Amino acid sequence: MSRLLLIGAPGAGKGTQAERLSQAFGIPAISTGDIFRYNVKHETPLGQLAKSYMDKGEYVPDSVTNDLVRDRLGMDDAQAGFLLDGYPRTADQVLELDSILSAAGQQLDVVVLLEADTDEVVRRLLNRAQEQGRADDTEEVIRHRLNVYAEQTAPLISVYSERSLVVAVDGLGEVAEVTGRILEALDARGITAN
């Protein structure tokens with residue numbers, strides 16, 4: 001059983017690596033971003049609310065996100081392990097995740113920190129915006145999201161470092177190279193893919 005968390009700035013490659021690690025370990029990749037995008041696309045009330053925050057480059061409120069994650073982690077496919085991507089983002093969400101896992105007699109095994117240069121992240125996200133026609137990915141919004149990440153999410157790295165859970169990996173380079181670095185770092189911690 002592997003319970004992993006991916007942390008990194010928007011555009012650091014978390015989504016791509018989450019998919020690859022999910023396949024390698026045979027566990028679901030749980031991305032709040034995917035849940036929100038699904039709801040936005042289908043114009044659900046939650047999606048409309050989430051979109052109002054995402055369009056401004058802000059994070060969706062904890063109360064909404066916590067409920068989604070609690071429900072998702074309670075599903076059968078997550079009982080043998082999971083990979084969280086995009087949650088927790090704040091200190092309060094760390095406490096909520098601790099509570100959710102504790103109630104299930106579980107805890108995180110490792111936190112993978114994908115490190116990436118800010119200017120490279122901005123370039124990646126602008127390219128993605130152009131390719132996918134994403135209105136929320138203007139340079140101004142991207143830089144705002146990176147500032148919000150630095151203020152709210154980066155401090156979580158300290159929390160998890162104090163618990164000796166963080167493994168830092170260079171997130172730049174070819175996708176397969178980054179995956180290889182992550183798998184190597186996890187293997188060094190005794191967490192091996194299937």
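**Exercise 1. The enclosed space**

What volume does the largest cavity have? State also which residues lie nearest its centre and how its lining divides by class.

*Solution.* The structure is a predicted model, and the values below are computed from it. Step one is the volume, which for the largest cavity comes to about 70 Å³. Step two is the lining, which consists of 13 residues, with G8, K14, G86, R89 and T153 lying nearest the centre of the cavity. Step three is the origin of these residues: β1 and α7 each supply at least two residues of the lining of the largest cavity. Step four is the division by class, which gives eight nonpolar, three polar and two charged residues.

**Exercise 2. The sheet and its edges**

Work out in which order the five strands are arranged, and explain why one side of β2 and of β5 is left without a neighbour in the sheet.

*Solution.* Strands of a sheet pair through backbone hydrogen bonds, either parallel or antiparallel. Here the five strands form an open sheet in the order β2-β3-β1-β4-β5, and the pairing is parallel. Because β2 (29-31) and β5 (166-170) stand at the edges and have a single partner strand each, one side of each is left without a neighbour in the sheet. From one strand to the next, the twist averages 25°. Turning to one edge, β2 pairs with strand β3 (residues 81-85) in the parallel sense over three bridges, and I30 has L84 as its bridge partner in β3.

The next step is to add the helices that pack on the sheet. Helix α1 (residues 14-25) touches β1 (2-7), β2, β3 and β4 (110-115), and its direction makes about 165° with that of β1. Helix α7 (residues 139-162) touches β1, β4 and β5, and its direction makes about 140° with that of β1.

**Exercise 3. Two helices in contact**

Describe how α2 and α4 are placed relative to each other, and identify the residues that make the contact.

*Solution.* Two packed helices are described by the angle between their axes and the distance between the axes. The axes of helix α2 (residues 32-41) and helix α4 (residues 62-73) come within 11 Å and cross at roughly 105°. Since angles of 65 to 115 degrees count as roughly perpendicular, α2 is therefore roughly perpendicular to α4. On the α2 side the contact is made by T32, I35 and F36, and on the α4 side by T65, L68 and V69. Sorted by class, this contact has four nonpolar, two polar and no charged residues.

**Exercise 4. An open pocket**

Find which element gives the largest share of the lining of the second largest pocket.

*Solution.* The second largest pocket has a volume of about 150 Å³, and its lining residues include A9, L113, E115, T118, L146, Y149 and I157. The elements that give two or more residues to this lining are β4, α6 (118-132) and α7. The largest share, four residues, comes from α7. By class, the lining has nine nonpolar, one polar and one charged residues.

**Exercise 5. Backbone exceptions**

Locate the cis peptide bond and the residue other than glycine that has a positive phi of about 60°.

*Solution.* Most residues other than glycine have a negative phi, and most peptide bonds are trans. Against that background, Y87 and P88 are joined by a cis peptide bond with omega of about 0°, and P88 is found in the loop between β3 and α5 (91-103). S164, although it is not a glycine, has a positive phi of about 60°, and S164 lies in the loop between α7 and β5.

Definitions and conventions:
Residues numbered from 1 in each chain as written. Predicted model: local features only at pLDDT ≥ 70, side-chain atom pairs only at ≥ 80, totals over all residues. Heavy atoms only, no water. Pairing = 2+ DSSP bridges. Axes fitted to C-alpha atoms, helices over the stretch in contact; angles between N-to-C directions. Contact = heavy atoms within 4.5 Å. 1 Å grid on protein atoms, 1.4 Å probe; cavity = no way out; pocket = protein on both sides within 12 Å on 5 of 7 lines; lining within 4 Å. Points joined across faces, edges and corners; volume = space filled by probe spheres on them. Nonpolar A, V, L, I, M, F, W, Y, C, P; charged D, E, K, R; others polar. Parallel < 35°, antiparallel > 145°, perpendicular 65-115°, else oblique.
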